[in-house]
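Biologist: Before I use words such as helix face or sheet edge, I would like to see how each one is justified. Could we go through them with the model in view?

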Amino acid sequence: MFLLEVLSPPQPVWEPASLCGTQLGDGRHYACNKVQPQDSICLSLALFLMARMSSSPSSVLEMEIFQYIDVHQSDFIEDLKEWVAVESDSVQPALRKEVMRMMALAADRLSALGATVNLVNLGSHQLPDGEDVPLPPVILGELGKDAQKVTVCFYGHVDVQPAKKEDGWKTDPYMLTEINGNLYGRGATDNKGPVLAWINAVETFRALKLATPVNFKFVIEGMEEAGSLGLEKLLEEEKQNFFSDVDYIVISDNLWLSNKKPALTYGSRGNACFCVEVECGSKDLHSGTFGGIVHEPLTDLIALLDSLVDPTGRIQIPGIYDSVAALTEEERKLYESIEFDLEEHKNNGGVKKFLYSTKEEILLHLWRYPSLSIHGIEGAFHEPGIKTVIPAKVIGKFSIRQVPHMDLSVVKQQVVEHLEGVFSKRNSPNTLKVSMPLGAKPWLADVNDPLYKAARRAIKTVFGEDPDFIRDGSTIPVARMFQTIMQKSVMMFPIGAADDGEHSQNEKISRHNYIEGTKAFAAFFLELSKLHRHLIETSNMETNN
């Protein structure tokens with residue numbers, strides 16, 4: 001900046017630039033037409049211009065940070081390429097060594113930041129065939145212990161879902177490939193990209209020799225896609241130790257609702273999975289010999305499954321809606337401004353028609369009302385061709401996505417009583433067994449929490465618009481896990497777009513989202529620090545008064 005004053009260069013003209021340049025308040029990038037964007041003089045011009053344009057002292061700091069991220073985006077993409085190349089598939093035990101290698105890479109990256117890193121051994125778990133397989137360690141990292149600063153804990157995972165080129169990928173899933181501004185590769189958006197974006201944001205402060213505005217703690221695991229085995233026990237054990245000084249928890253392991261508009265997630269549905277077993281005898285029967293003279297298990301099961309939900313999607317189990325909270329006017333208004341394209345959502349799902357016709361109805365039934373889905377039947381013949389057999393035992397599988405205030409034990413009781421009632425009316429001699437092998441609770445946060453206020457301001461700074469406040473229709477057990485155990489504020493801060501295809505073929509994150517997401521995280525650190533200072537000052541004033 002001093003160089004500018006001495007040289008007194010001609011007034012620069014700022015023109016739109018697609019890649020390298022400086023982002024101004026309107027959310028677009030600009031580069032100077034008098035000098036190359038990579039020059040330090042260009043950075044000085046940017047800082048000078050921003051200082052003149054804004055009265056906020058932090059705006060110049062933000063521009064310096066954003067400029068660094070722009071200039072180093074190729075380095076950040078190379079880092080993602082290195083991580084995507086590791087086949088850290090936690091679902092397949094044969095690839096457990098790759099997961100271990102990925103955990104070591106992540107630990108090294110945090111150590112390079114200057115963080116204290118502890119790889120916590122979780123022991124092993126037993127496979128269905130009886131073999132013991134070691135669990136990958138969980139990374140607990142810490143950077144900064146300033147008692148005057150707020151401490152934010154970031155959770156992420158670096159394991160991935162299975163992926164093979166022959167499954168329908170356009171590219172090698174473990175070779176990060178850029179096509180038309182999109183970075184394709186398994187784990188690009190779920191969750192290696194967001195984890196690296198957070199680390200890149202922290203690294204930017206260190207590279208610019210700037211004091212980090214908050215204290216950081218990291219929890220990075222390698223078994224999320226396989227159920228986060230061992231994580232809950234670790235959180236319980238470390239609640240009074242590693243997590244004792246944590247103020248907020250941030251998770252970036254989901255997506256926006258839109259392909260273009262940023263979002264913050266404040267809730268998700270739970271999931272109660274059920275098995276309904278109907279058994280006739282000890283062996284399968286020939287339909288020519290026994291058809292028409294026995295109570296067939298599959299006929300009973302189909303009747304049971306048919307009784308669960310009506311053609312409009314309403315669950316038919318008595319009492320299931322009793323605990324669902326009434327929709328408040330404040331919450332209803334959140335749905336009105338959300339950007340959501342019904343036709344785009346239909347196309348993404350390959351369906352022709354939804355049960356509801358308006359945006360608000362669709363989102364309400366995706367997020368805050370329970371739903372019931374039937375997933376399949378085990379034991380029935382399902383191969384191509386005809387097999388005229390009466391199966392001896394069949395198991396129907398369905399799940400209920402429950403919402404806040406619904407109690408899992410009550411839901412289970414309601415389901416069992418309903419199915420037993422329907423079954424008894426059939427006067428069938430077959431045996432019925434209903435079980436709930438899996439139950440995950442819903443999660444809900446307060447959008448007025450300082451955590452969400454800081455993230456909203458950061459997104460407005462980087463993307464030029466306020467985010468949508470959304471819920472997730474699926475289940476995010478880790479958010480509820482952190483909230484329940486730590487009793488701290490938890491926020492979901494996604495940077496991936498709705499069309500990123502997590503868990504699917506051709507998973508990707510766009511270059512734009514990866515780089516701008518890095519900036520959003522950096523801006524979030526600054527905003528959270530400012531809000532924390534404001535809260536302390538307000539508290540001190542109230543105490544003095």
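What follows is a short exchange about one helix and one sheet.

Modeller: Please keep in mind that this is a predicted model.

Biologist: How do you know that the span of helix α5 agrees with its number of residues?

Modeller: Helix α5 covers residues 96-113, which is 18 residues, and at 1.5 Å a residue these should span 26 Å; the C-alpha atoms at its ends are 26 Å apart, so the two values agree.

Biologist: What makes the buried residues of α5 line one face of the helix?

Modeller: Seen down the axis of α5, the buried residues fall within an arc of 160 degrees, and therefore they line one face. Among them are V99, M102, A106 and L110, and buried here means under 20% relative accessible area. The face turned away from that buried side carries K97, D108 and A112, which are exposed, and exposed means over 50%. Just after α5, G114 takes a positive phi of about 100 degrees.

Biologist: Which strands form the open sheet, and in what order?

Modeller: The open sheet has three strands in the order β9-β10-β23, with antiparallel pairing.

Biologist: Why are β9 and β23 said to stand at the edges?

Modeller: β9 (177-179) and β23 (508-510) each have a single partner strand, so one side of each is left without a neighbour in the sheet.

Biologist: How do you know that β9 and β10 pair?

Modeller: Pairing requires at least two bridges, and β9 and β10 (residues 182-184) are joined in the antiparallel sense over three bridges, so the definition is met. In this pairing, T177 stands opposite Y184 of β10.

Conventions:
Residues numbered from 1 in each chain as written. Predicted model: local features only at pLDDT ≥ 70, side-chain atom pairs only at ≥ 80, totals over all residues. Heavy atoms only, no water. Helix = DSSP H or I, 4+ residues; strand = E, 2+ residues; numbered from the N terminus. Expected span 1.5 Å × (residues − 1). Buried < 20%, exposed > 50% of the residue type's maximum accessible area, 1.4 Å probe, protein only. Arc of directions from axis to C-beta.
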